[in-house]
Amino acid sequence: MAEPTSAPLIAVTGGDRSGHAPRRLVALALWLAGARAVSVTPKQPRADLHPDAVVITGGHDVDPVLYAAAPEVQPRYDRERDRLESVVIDQALALGIPLLGICRGAQLLNVRLGGSLYQELRSRRVRTSNRWTVLPLKTLCVAAGSRLEELLGTGQTRINSLHNQGIDRLGEGLQVVGRDLDDIVQAVEVPTHPFLLGVQWHPEFLLYKPSQLRLFRALVAAARERRLALAE
């Protein structure tokens, strides 16, 4: 067993074909927060890895077969990644491992807890643009009293938008703690869990904002607490 005082080990999942730059930025954020990041992909599943926390990163759309729905849009799926990350999420939920789901990661977390997704959001946007951008141009409204509000330090902030799907039916145990101006779900959490948070935006592209870096610092803090508890 690793020494409890060493840097927490965080599994960062992703695909083999894409998403390399976001994963590097997530790894940077975790390093800045005092953790070690290890990439986990279908070709490198690292089944023997015992992480202190997990980050499920963004990428391809979640296959609707996972929530018993027929495809409604031109498919852009990565089924090998779906299988890998479903196992990772299920294990994290079963073992109480801290987890941060980013964009697709938040969507898949919702699906693994029995929820479903909107396969396209363009038709549901009235007050906000459907344009993808890494810049923080979209308004996030944060639920009062939520863990997310505590971490961000505000009830309203600006976020980026790089997704075309979103949460529809909410998964079991999740609470919506963030929405945009079109009332589309932007963040979910489980208040009773040490750290279980899904965000629809990409905080790894916003690390110049201290509030966004705090999401990763909080994950690392939860990972460190879990490691210490297991060592006792």
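**A sheet and its cores**

User: In strand 10, which residue is the bridge partner of R179?
Analyst: The model is predicted: local features need pLDDT of at least 70, side-chain atom pairs count only at pLDDT 80 or more, and totals for chains, interfaces and linings use all residues. Residues are numbered from 1 along each chain as its sequence is written, and side-chain values use heavy atoms, without hydrogens and water. Strands here are DSSP runs of E, at least two residues, and helices are runs of H or I, at least four, numbered from the N terminus. In strand 10, R179 bridges to V185.

User: Which residue takes a positive phi in the hairpin of strand 9 and strand 10?
Analyst: Strand 9 and strand 10 (residues 185-189) are antiparallel, with 4 bridges; pairing requires at least two bridges found by DSSP. Between the strands of the hairpin lie 5 residues. The one with a positive phi, near 70°, is D183.

User: Which residue of strand 9 stands opposite C141?
Analyst: Strand 6 and strand 9 (residues 175-179) run antiparallel, joined by 2 bridges. Opposite C141 in strand 9 is R179.

User: Which are the edge strands of the open sheet?
Analyst: The sheet has 9 strands with mixed pairing, in the order 2-1-3-4-11-10-9-6-7. Its neighbouring strands are turned by 25° against each other on average, direction ignored. An edge strand pairs on one side only, and that picks out strand 2 (36-40) and strand 7 (156-161).

User: In strand 11, which residue stands opposite I102?
Analyst: Strand 4 and strand 11 are parallel, over 4 bridges. The residue opposite I102 is V199.

User: What angle does the direction of helix 1 make with that of strand 1?
Analyst: Helix 1 packs on the sheet and touches strand 1, strand 2, strand 3 and strand 4. Axes are lines fitted to C-alpha atoms, for helices over the stretch in contact, and angles between N-to-C directions run from 0 to 180 degrees. Here the angle is about 165°.

User: How far apart are the C-alpha atoms of L30 and L219?
Analyst: L30 lies in helix 1. Its relative accessible area is 0%, so L30 counts as buried (under 20%; exposed is over 50%, partly exposed in between, with a 1.4 Å probe and protein chains only). Beyond four places in sequence, its contacts (heavy atoms within 4.5 Å) include V55, F216, L219 and V220. L30 and L219 are 189 residues apart along the chain, yet their C-alpha atoms are separated by 8.7 Å.

User: Which helix gives the largest share of the largest nonpolar core?
Analyst: A nonpolar core is a set of buried Ala, Val, Leu, Ile, Met, Phe, Trp, Tyr and Cys residues joined through side-chain atoms within 4.5 Å. This one has 34 residues, and L30, V55, L100, L148 and W201 touch the most other members. Among the elements giving two or more residues are helix 1 (20-32), helix 4 (147-152) and helix 5 (210-231). The largest share, 8 residues, comes from helix 5.

User: How far apart are the end C-alpha atoms of helix 5?
Analyst: The expected span is 1.5 Å times one less than the number of residues. For the 22 residues of helix 5 that gives 32 Å. The end C-alpha atoms agree with this, at 31 Å.

User: Is Q212 buried or exposed?
Analyst: Q212 is found in helix 5. Beyond four places in sequence, Q212 is in contact with L152, I159, W201, P203 and L206. Its relative accessible area is 0%, so Q212 is buried.
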